[in-house]
Amino acid sequence: MKSLIARSIFTICAMVMFVLPAQAEPVAKVMVLDYQLNDMTDLPNAPEELERIAYLSSIYKQRLAEDGVELVPVNEALQHAVKNESPAYLFDNVPNAAKMAQGSGADYLLIGVALKSTYLFVYPRILLVDIRTADVVMARAAQLESSWSDENTTKRTAEKLADMVSEELKTLTAN
């Protein structure tokens with residue numbers, strides 16, 4: 001009987017050890033904007049390219065969440081700016097973007113723009129902005145070199161960028 005109780009206690013303790021890390025505090029609270037396509041080619045905003053950028057955004061957000069980042073819904077002010085301004089407006093106007101994000105409950109704002117300057121490449125660029133100070137705390141870019149239909153390359157690029165953000169957030173929040 002005593003060994004059964006001891007085993008039960010051991011099992012419960014082991015389960016608690018595995019469950020607690022999953023319920024730990026999030027790495028950070030981040031408002032993540034979908035990537036905006038800044039297509040500078042002669043035939044801008046092809047439906048296939050827009051689909052690829054939407055896929056990039058969805059995988060990017062999914063990976064951030066898997067990495068422990070708490071995603072805060074995009075507020076109305078930023079939704080309005082995304083809808084009514086140029087694709088690079090928020091990227092180029094960080095203080096304005098940070099001001100629009102204030103009061104959202106997020107600590108950071110992630111702004112993404114996919115620059116398509118040629119038919120061959122897309123350059124997903126990101127800015128991680130501290131909402132409180134309006135400072136860019138991380139800027140990164142990648143080169144997405146594949147056809148519209150190559151989901152694997154798009155997925156790997158999204159995951160790579162999300163992992164960079166997650167690592168930077170861990171460093172920022174450790175201080």
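User: Which exposed residues does the face of helix 5 turned away from its buried side carry?
Analyst: This is a predicted model, where local features need pLDDT of at least 70, side-chain atom pairs count only at pLDDT 80 or more, and totals for chains, interfaces and linings use all residues. Residues are numbered from 1 along each chain as written, and side-chain values use heavy atoms, without hydrogens or water. By relative accessible area, buried is under 20%, exposed over 50%, and partly exposed in between (1.4 Å probe, protein chains only). Turned away from the buried side of helix 5 are the exposed residues Pro-95 and Lys-99.

User: What are the buried residues of helix 5?
Analyst: Helices (H or I, at least four residues) and strands (E, at least two) are DSSP runs, numbered from the N terminus. The cover over the buried part of helix 5 includes strand 1 (29-32), helix 3, helix 4 (89-92), strand 4 (108-116), strand 5 (123-130) and strand 6 (135-141). The residues beneath that cover are Val-94, Ala-97, Ala-98 and Ala-101.

User: How is helix 3 placed relative to helix 5?
Analyst: Helix 3 (residues 76-84) and helix 5 (residues 94-101) have axes that come within 8 Å and cross at roughly 140°. Axes are lines fitted to C-alpha atoms, for helices over the stretch in contact, with angles from 0 to 180 degrees between N-to-C directions. Under 35 degrees is roughly parallel, over 145 roughly antiparallel, 65 to 115 roughly perpendicular, and the rest oblique. Helix 3 is therefore, with respect to helix 5, oblique.

User: How many nonpolar residues are in the contact of helix 3 with helix 5?
Analyst: Contact means heavy atoms within 4.5 Å. Helix 3 supplies Ala-77, Leu-78 and Ala-81, and helix 5 supplies Ala-97, Met-100 and Ala-101. Ala, Val, Leu, Ile, Met, Phe, Trp, Tyr, Cys and Pro count as nonpolar, Asp, Glu, Lys and Arg as charged, and the others, Gly among them, as polar. No polar and no charged residues take part, and the nonpolar count is 6.

User: How many charged residues are in the contact of helix 2 with helix 6?
Analyst: Helix 2 (residues 47-66) packs on helix 6 (residues 151-174) at an angle of about 40°, with the axes 8 Å apart, so helix 2 and helix 6 are oblique to each other. The residues in contact include Arg-52, Tyr-55 and Arg-63 of helix 2 and Glu-151, Lys-155 and Asp-163 of helix 6. The contact has 9 nonpolar and 3 polar residues, and the number of charged ones is 6.

User: Is Arg-52 buried or exposed?
Analyst: Arg-52 is part of helix 2. Beyond its neighbours within four places in sequence, Arg-52 is in contact with Lys-116, Val-122, Leu-144, Ser-146, Ser-147, Trp-148 and Thr-154. Its relative accessibility is 4%, so Arg-52 counts as buried.

User: What is the phi of Asn-45?
Analyst: Asn-45 sits in the loop between strand 2 (36-39) and helix 2. With 39% relative accessibility, Asn-45 is partly exposed. Asn-45 is not a glycine, yet its phi is positive, at about 60°.

User: What is the relative accessible area of Ala-134?
Analyst: Ala-134 belongs to the loop between strand 5 and strand 6. Its phi is positive, near 65°, in a residue other than glycine. Ala-134 is partly exposed, because its relative accessible area is 24%.

User: How far apart in space are Asp-42 and Tyr-119?
Analyst: Asp-42 lies in the loop between strand 2 and helix 2. Asp-42 counts as exposed, at 70% relative accessibility. Asp-42 and Tyr-119 are 77 residues apart in sequence, while their C-alpha to C-alpha distance is 9.0 Å.
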